[in-house]
Amino acid sequence: MKYFKYPTRSDWKDIMTRPHLDTTALYEKVNTILKDIQKHGDKAVIKYEEMFDGTHLDHLQVTSSEIEEAYHNISEDLHDALLLAHDNIYKFHTSQKFLSQNIETKPGVVCWQKAVAIQRVGLYIPGGTAPLFSTVLMLATPANIAGCQEIVLCTPPNKQGKVNPAILAAAHIAGVNKIYKIGGVQAIGSMAYGTESIPKVFKIFGPGNQYVMAAKQIVSLHDVAIDMPAGPSEVCVIADDNSNPIFVAADLLSQAEHGADSQVVLITTSEDMLNKVSTETEKQLAQLPRKDIASKALKNSKFVVVKTYTEAIDLCNAYAPEHLIIATDNYEELSEKIINAGSVFLGKYACESVGDYASGTNHTLPTHGYAVAYSGVNLDSFYRKITFQHLNEEGIRSIGKTVEIMAENEQLFAHKNAMSVRIKSLQK
């Protein structure tokens, strides 16, 4: 960890720096794979599956019998947990449904919006060292609520050509239409361009490693929409003298174990708390099965002590974390001042893990400071809003002259004429 004690605001730039990778070679490699998939379709996908996932596939789509088998291969406890989490996610996202209103802006001028589901969406679910079956629920559930007609899921298989059974079970519960055994860049390329087996989608969702993120950004330039730009996962915890150092350390490590390039940040008003959390972090780290990964992440991490709550909030808003935990007794007061964060967890019992799995909020969130401009995935992410307007004769009389004046002053006389002929028709 890197320690900052009572830094001045001029030092904040160093505190807010995320892990940086030279992506030049990465993007070149990813682009080569994408072009191959665009040109050769399934043949290229199968080649890269053998190359990167170590498995030879005769067919890419998961069969109904494989999904049924998956149900028998997960424990009853896990099955019940998936159902409970899905129920909470469903409740929370259903509450976000858009209610259209007809607004008469002037007499005879009526405007409204309609929310229309994206017809075909693609979900990418990592399946490597941590198969993220929870992300299946987070993405497929709102897609279903929105009414997306086709939900395509890609996830890497193991060397035996099998998909993690929990991923398949979650996909079935959340209503995924088609599942393919494809990982990494080849999955993103397949969904972006379409192949003989995989349909082209209109928007791609889901996390992944640096190769997946690079692929999503490349295909988003010309071929398909994506959920958001993203980087490694991160958490910021705000603590004070009354926080529980055991809880805080556990929260920091729960994020650090995501990956070596993850980042955790502690901001505290208490030097004593900083020391306690530092000691507790080392203690808990030694017990973790993924301690090697978490140790590397901690090298990117910052422990900061500041003088006031105001400084803590200002630094946090400048950092714009993906996850924010306010582990103080005055969390409600502090939360009112948060303007940049992906998802916020309030009080000592609200660990970030609840949002990752089962509280109902979505865990697909903006990272790398993008929380200053992006929201996390929500029901609106699966919709397009189409605007409508209707004018009758009274509407022409209400705003016709305004349209003529504005069009003429923009030197767009065909625009003006489109209104002028209507005005003249009413004068006959």
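In this predicted model, Gln 113 has Thr 387 of β14 as its bridge partner. Strands β3 and β14 pair in the antiparallel sense, and nine bridges connect them. On the side of β2, strand β3 (residues 109–117) is joined by three bridges, and these two strands also run antiparallel.

The residue pairs that stand opposite each other are collected below.

| Residue | Opposite residue or bridge partner | Strand of the partner |
|---|---|---|
| Ile 103 | Cys 111 | β3 |
| Glu 104 | Val 110 | β3 |
| Gln 113 | Thr 387 | β14 |

The hairpin of β2 and β3 has two residues between the strands, and Gly 108 in this hairpin takes a positive phi near 85°.

Together, three strands form an open sheet with antiparallel pairing, in the order β2-β3-β14. Why is one side of β2 and of β14 left without a neighbour in the sheet? Both β2 (103–106) and β14 (383–391) stand at the edges and have a single partner strand each, so one side of each lacks a neighbour in the sheet. On average, neighbouring strands of this sheet are turned by 30° against each other, direction ignored. Helix α16 (residues 393–409) packs on the sheet and touches β2, β3 and β14. The direction of α16 makes about 100° with that of β14.

A second element of the model is the pair of helices α6 and α7. The axes of α6 (residues 133–146) and α7 (residues 165–174) come within 9 Å and cross at roughly 15°. Angles under 35 degrees count as roughly parallel, and α6 and α7 are therefore roughly parallel to each other. The crossing in which α6 passes α7 is right-handed. On the side of α6, the contact is made by Phe 133, Val 136, Leu 137, Ala 140, Thr 141 and Asn 144. Helix α7 contributes Ala 166, Ile 167, Ala 170, Ala 171 and Ala 174. By class, this contact of α6 with α7 has nine nonpolar and two polar residues, with no charged residues.

Helix α6 also contains Ser 134. Is Ser 134 buried or exposed? Its relative accessibility is 7%, and because buried means under 20% relative accessible area, Ser 134 counts as buried. Apart from its neighbours within four places in sequence, Ser 134 is in contact with Asp 356, Tyr 357 and His 363.

Conventions. Residues numbered from 1 in each chain as written. Predicted model: local features only at pLDDT ≥ 70, side-chain atom pairs only at ≥ 80, totals over all residues. Heavy atoms only, no water. Pairing = 2+ DSSP bridges. Helix = DSSP H or I, 4+ residues; strand = E, 2+ residues; numbered from the N terminus. Axes fitted to C-alpha atoms, helices over the stretch in contact; angles between N-to-C directions. Contact = heavy atoms within 4.5 Å. Parallel < 35°, antiparallel > 145°, perpendicular 65-115°, else oblique. Left-handed = near helix turned anticlockwise from the far one by under 90°. Nonpolar A, V, L, I, M, F, W, Y, C, P; charged D, E, K, R; others polar. Buried < 20%, exposed > 50% of the residue type's maximum accessible area, 1.4 Å probe, protein only.
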